[in-house]
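Reader: Please take me through this structure in a few questions and answers. I would like to look at one site, then at the empty spaces.

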Amino acid sequence: MLDKKEIVNKRTIDESAKPIIEKAIDENLETVWDRLEAQQPQCGYGQLGMCCNRCAMGPCRIDPFEETGPKRGVCGADANLISARNLLDDLLVGAAAHSDHGREVIEVLLKTARRQAQGYEITDTEKLRSLAQEFEIDTSKSDNEIAEELALKLFEEFGTIKNSITFAAKRAPEKNIELWKKLNIFPRSVDREIVEAAHRIHMGVDSSYDNILIHALRTSLSDGWGGSMMATEISDVLFGTPTPCSSYVNLACIKEDCVNILLHGHNPILSEMLVKASEEDDIKEMAVKVGSQGINLLGMCCTGNEVLMRRGIPIAGNMLLQELAIATGAIELMLIDYQCIFPSIAKTAKCYHTIVVSTSEKARFPDAKHIEFHPDHALDIARDIIKLAINNFSNRNPNRIKIPKEPIKMMAGFSVEAIKTALGGSVTPLLEAIKSGKIKGVVGIVGCNNPKIKHDFAHVNLTKELIKNNILVAETGCAAIACGKAGLLVPEAAELAGDGLKEIAKALGIPPVLHMGSCVDCSRILVLAGLLAKELGVSISDLPIGGAAPEWYSQKAVSIGSYFVASGVTTVLGLPLKIYGSSDVLNLLTKDLEKIIDAKFIIEPDPFIAADMLIKHIEAKRRKLGI
Ligand code: BF8
């Protein structure tokens, strides 16, 4: 039986989380770690990807190891088909989540252009016009006219008329496009690939596991070069393209003397309005009148990343900290939109005074107060939500407040545009540094937390090992937040890097680990890789780069990992895909794929071994390029 300290140390390396995990244990608050424990042992068939609950002849399960166990489901599907269908199911859900988020941002762009959205404006007109050029829109028109036409054209990226995703056609290197066309995985449109994926996994449709997995790659490309990329680009148009900024991270960003509002979820369209409303004088006065020192907006997960990189709003933590933030007893209101929000979060909040406000019509949560978001009166909605938080300040129980000390400083905002600016206007100096060997390569570390892995341990240790070996790290999502908390996202962290990377980071005054945004902003990593490959005249798969999702949990991460691989970026996953019941599927994704697309998945839970593998992979790519 472990004592409290041992339990805490087993769960996390985040010093700001440790005292709050202790508090949660003392207060008998159920958290994600307790629920994981209650699920033990988890279903072995599920872990191997060997159960199928797709139709009413089932549920069926395959026993791949026991000789006498069933080898086919009632419909006749074998282990290969069941695991491939399950994987595509996960992937298409993740791609849909990113892309539906993207569509909502485009809807706001259209309403903004038509002056039907309250509080929004076009912030980055330069990006608007450069996107207009990519979409062959006449740029002599007004910003609003361009924005309207662009929004309508982007909607067609979801449809079936054009049959070609524009960003994939225009931004990917020629060699990638050729290969995608040869393999018939060039993404036709966002909705088409996702709907077709859902169709293929219906009983009696695609019954060939490799054909299903090939379509999985195409679906993922429609996310990375389609839905996610549109979410990124149009968020930049509306709210500004991120530039390097400094802020703070961890649970110590919660302020005892302020009205604390936590912005949790993914889409910046409402949280941006909360930031705006919180700056209004009458709102500020109202907060002071209830005895607080003001309003303290805080981010969490990817909504947090969005407002961090554009507004410098401090970020309280990554996915596993959502319950702990509430357990500090000092959060007046948690605003949620969608994705990565525990379904039980409002139940958790009931143990404290925190009000959870759900805002999306498509994401209702039991026990949460629902205030539906509509862009046509977004600012009014934001004001109402802030007032609700202010009026809740007096309901705190001062005896139950515990806030850790020492927020950690971090830098964010490294969009591709910002990286180019830091390098003097192009990616050429980065390529020169790579050619000279000062920077050996680049690894994108992305994705989530997962209670099956000690919180932040894999992110932080993988990152440290890579920068020590002169590999520049680009991060998004909860990975970026983890490394922010570990003090790796400040220029001073260059001291932890190898000599070459240290020299360059110091000369530019940047951290050796670049925060590139939220999870939809993994598309920024694709754009950067595309630019590097185009400049060298090679395919993305020829570059000395890699990807990693060391603590992934979500279906979105399955899609991201897959579009990295489909784009030519070999990617390490810290937790296994649910494919181990089928040696054919496992072999295809972790070995044979390399022969087809020159990239593959590596499954490796140990971050030190994973670092070693990525370093070797990068060295091999360098040798092949002759650098
Ligand atoms: O989209 S990294 S836990 S918060 S899924 Fe979720 Fe994973 Fe965090 Fe952002 Ni991405």
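Reader: Between which two elements is the place of Cys519?
Author: First, a word on the model: it is predicted, so local features need pLDDT of at least 70 and side-chain atom pairs count only at pLDDT 80 or more, while totals for chains, interfaces and linings use all residues. Residues are numbered from 1 along each chain as its sequence is written, and side-chain values use heavy atoms, with hydrogens and water left out. Helices (H or I, at least four residues) and strands (E, at least two) are DSSP runs numbered from the N terminus. The loop that holds Cys519 is the one between strand S13 (513–517) and H23.

Reader: Which protein atom is the donor to the nickel atom of the ligand?
Author: Donors are N, O and S atoms within 2.8 Å of the metal (3.2 Å for Na, K and Ca), and water is not among the atoms, so sites may look incomplete. The protein offers the nickel atom a single donor, 2.2 Å away, and that is Cys519 (SG).

Reader: What geometry does the site of the nickel atom have?
Author: Four donors are tetrahedral if all angles lie between 85 and 135 degrees; four are square planar and six octahedral if opposite donors are over 155 degrees apart and all others between 65 and 115; anything else is irregular. The angles among the 4 donor atoms here run from 90 to 152 degrees, and the site is irregular.

Reader: On to the enclosed spaces: how many cavities of 30 Å³ or more are there?
Author: On a 1 Å grid over the protein atoms alone, a cavity is a set of points where a 1.4 Å probe fits but cannot get out, a pocket is an open set with protein on both sides within 12 Å along at least five of seven lines, and lining residues have an atom within 4 Å of a point. Grid points are joined across faces, edges and corners, and a volume is the space filled by probe spheres set on the points. By this rule the count of cavities is 5.

Reader: Which element gives the largest share of the lining of the largest cavity?
Author: This cavity holds about 120 Å³ of space. Strand S11 (441–445), H23 and strand S14 (545–549) each give two or more residues to its lining. The largest share, 5 residues, comes from H23.

Reader: And which element leads in the lining of the second largest cavity?
Author: With a volume of about 80 Å³, this cavity has Cys519 in its lining, along with others including His266, Cys301 and Cys448. The lining draws at least three residues from each of domain 2 (251–400) and domain 3 (415–625), bounds that come from an automatic or database domain assignment. The largest share, 3 residues, is that of H24.

Reader: Turning to the open spaces, which helix gives the largest share of the lining of the largest pocket?
Author: The largest pocket has a volume of about 860 Å³. Of its 24 lining residues, the closest to its centre are Gln42, Asn450, Lys452, Tyr553 and Lys578. The largest share, 3 residues, belongs to H3.

Reader: Between which domains does the second largest pocket lie?
Author: This pocket contains about 500 Å³ of space. Among its 23 lining residues, Lys127, Ser130, Arg171, Glu417 and Lys420 are the closest to its centre. H23 gives the most to this lining, with 6 residues. Because both domains give residues to the lining, the pocket lies between domain 1 (79–239) and domain 3 (415–625).
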